[in-house]
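Q: Please give me a close look at one part of this model, the surface around the RNA. I would also like to know how the helices there are packed, with the cut-offs spelled out.

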Amino acid sequence: MKEYIAHIRKILGKKTGIKDLQLEVPRELSHGDLALPCYQLSKEKKAPPGKIAEELAKEIQPDEYIESANALGPYLNFFLKKDRLLKELFSASKKKSLLEPQSQGTVMVEYSSPNLNKPMHIGHIRNNLLGYSISLILESLGSKVIRANLYNDRGMGVSEAIYSYLYLSEKKEPEGKPDHFVGDLYVLFRKKQKENPELEEKAREILKRYEQGDKEVLEAWKKLTQWVMQGYEETYKRLGSKFDKVYWESGIFQEGKKIVEEGLKKGILAKKDGAVIAPLESHGLPDKVLIKSDGTSLYITQDLALAKKKFEDYPLDKSIYVVGSEQELHFAQLFKICELLGIAKAEKMHHLSYGLVLLPEGRMKSREGKVVDADEFLDKITQLASEELSSRGIDNKALAEKIALSAVKFYMLMFEPRKDFVYSPEQSLSFEGESGVYVQYTHARIQSVLEKSGISPGTLRPAFSQLNTEEKRLASLCAAFQKTVEAAAERHKPSLIATYLIRLCQEYNSYYHTHPILTAEKAQKENRLALSYIVKEAIKEGLRMLDIEALNRI
RNA sequence: GGGCUCGUGGCCUAGUCUGGAUAGGGCGACAGGCUUCUAACCUGUAGGUCGGGGGUUCGAAUCCCCUCGGGCCCGCCA
């Protein structure tokens, strides 16, 4: 596609004397593959845009890349040679990937990063899916990606669960999924704390004892965090989340204090009311406390150490943090402090911020246990998929799970990351319309036709001649795949891939209903099978970047 | 008090960065389509002027200002 754009620009440069004219991709496929809006030219040439478009259209001759160019209102629309385009796509689709990689250096994507004091809820699911998807997208365009997870295994949340375990509960061993056991302890603490506010102070003591190396606390700490991680392992496995590198807050918070002390010595940081702060007001941000007046560290203390460690551990060109939008200020401050302390330039760090998953009655509240639990949620969707399958006379538990995960992943990724969305249990997720299942259905349907043809794609030699309008439209859409993925990577938006897939499937399904494939005459049949194959591969690869396994049968 | 963000037909949503061709979809509603490659599909109808106002521009859902409404955040939680 890039060479097509370059080619057209070159021709237009010669005709108009202006280099690098911006070409647009028309939203409406019937308008063409590329368009030149003539408003700018209109200004420079002092002629109406419609007239300019018309005159240019006359001058442009079909060639090896261009099928035709014509004026429509103020636009000069180009139709590319679809046979050439499709041949390129077809040969690419038979290889590893439809995508042309572009080297993008080394990127770390930190995501998930849970507190080890409770099980995950659907907000965590969104985080995990977003982080993993963006890593797949960057990777597919050639970046080396390190997926990192930070286990927050200390701090108040964990301390509260420990206190609860040691002093508020009698049950000393988990029953059922162990992360839920710990989560119950945490909620128990919050409940008691409401009646008895002094407990807050007790939890603080636990944190201090932990930092001083108190044996009883350390033992409990070890047990509880192990239990939570055991539970997470199951949930991660089910979701498909993978990590190349794991960091522990407990392993780096001391280092954080050292960094703060050094900054203090250099006069970059300051003491105030017994606490250490980073003065940021001159940078347009509120000051930030880095060490509490009681000497204990904060979330940001270890975040500084971690930020530094990441750049020491890997030659990173970019360090991405997948964290909810409520922490935007926190990360703006962190990045600025890192820059001031010489850890890394702020532009090398990026906060991939995403909106909350809300309940119909409002925000989820972990502290009160008012959350939609991740495991229960997945079970419920799987149950729905299972029922849907049985209504079709199919009893296949594994397939139900795959369909459920397709639906969940697609649903969570199809919205723009920055948007909040409401999860309502009554409405649940859809298996039809704009959904992951719709895309899966289209994929399976194509696979089925290809199988029934009895011809392996490798032996097809399509000429792609005599394509009709619908086939040309599909070709244009397939050719837009590369640009879509590039945009998704640049803007950190897997949603662009999801919406592209919906559009591609709509276009294909519509085509499918009006164009018989298996009964078509030979040349046409080859064209249609090959075109279907390209679409199928684009779907497969697109789904892959959303971490959804394309199904051959559903 | 300050900062950020969202507001598109009954409901959900794309497009907003980089202003342009009649604002795309989906759900729901209504009317159709399975002796034919998977009907979890397809076709058609009704329904929006993009929260409100002003400005910039040949041109604004998109940029700027004001305003209303929702959400989030503002030194010792994470």
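A: Here is a walk along the RNA surface, followed by some helix packing.

Happy to help! This is a predicted model, in which local features need pLDDT of at least 70 and side-chain atom pairs count only at pLDDT 80 or more, while totals for chains, interfaces and linings use all residues. Residues are numbered from 1 along each chain as its sequence is written, chains are lettered from A and ligands numbered from 1 in the order in which they are written, and side-chain values use heavy atoms, with hydrogens and water left out.

RNA strand B is surrounded by 64 residues, where a residue is near the strand if one of its heavy atoms lies within 4 Å of it. Val289, Lys292, Arg418, Tyr441 and Arg445 are the closest. Of the atoms of RNA strand B that come within 4 Å of the protein, 60% belong to sugar and phosphate. By class, this surface has 27 nonpolar, 14 polar and 23 charged residues (Ala, Val, Leu, Ile, Met, Phe, Trp, Tyr, Cys and Pro count as nonpolar, Asp, Glu, Lys and Arg as charged, and the others, Gly among them, as polar).

Three polar contacts (pairs of N or O atoms within 3.5 Å) deserve a look. The side chain of lysine 452 places a polar atom 2.6 Å from a phosphate oxygen of RNA strand B. For lysine 292, an N or O atom of the side chain is 3.2 Å from a phosphate oxygen. Glutamate 328 instead has a polar side-chain atom 3.2 Å from a sugar or linking oxygen.

Which helix gives the most to this surface? H15 does, with eight residues. Helices (H or I, at least four residues) and strands (E, at least two) are DSSP runs, numbered from the N terminus. Helix H15 covers 436-453, and other elements that supply at least two residues each include strand E3 (75-80), helix H12 (328-340) and helix H18 (495-514).

H18 also has a packing partner. Helix H17 (residues 481-490) and H18 pack at an angle of about 155 degrees, with axes 8 Å apart; axes are lines fitted to C-alpha atoms, for helices over the stretch in contact, and angles run from 0 to 180 degrees between N-to-C directions. That makes H17 roughly antiparallel to H18, the term for angles over 145 degrees. Phe481, Thr484, Val485, Ala487 and Ala488 of H17 meet Leu496, Ile497 and Tyr500 of H18, with contact meaning heavy atoms within 4.5 Å. By class, this contact has seven nonpolar, one polar and no charged residues.

Another pair is helix H6 (residues 156-168) and helix H9 (residues 215-239), which pack at about 110 degrees with axes 10 Å apart. H6 and H9 are therefore roughly perpendicular (65 to 115 degrees). Their contact has eleven nonpolar, one polar and two charged residues.

Notes
Polar contact = N/O pair within 3.5 Å; in protein donor to acceptor, adjacent residues only side chain to side chain. Parallel < 35°, antiparallel > 145°, perpendicular 65-115°, else oblique.
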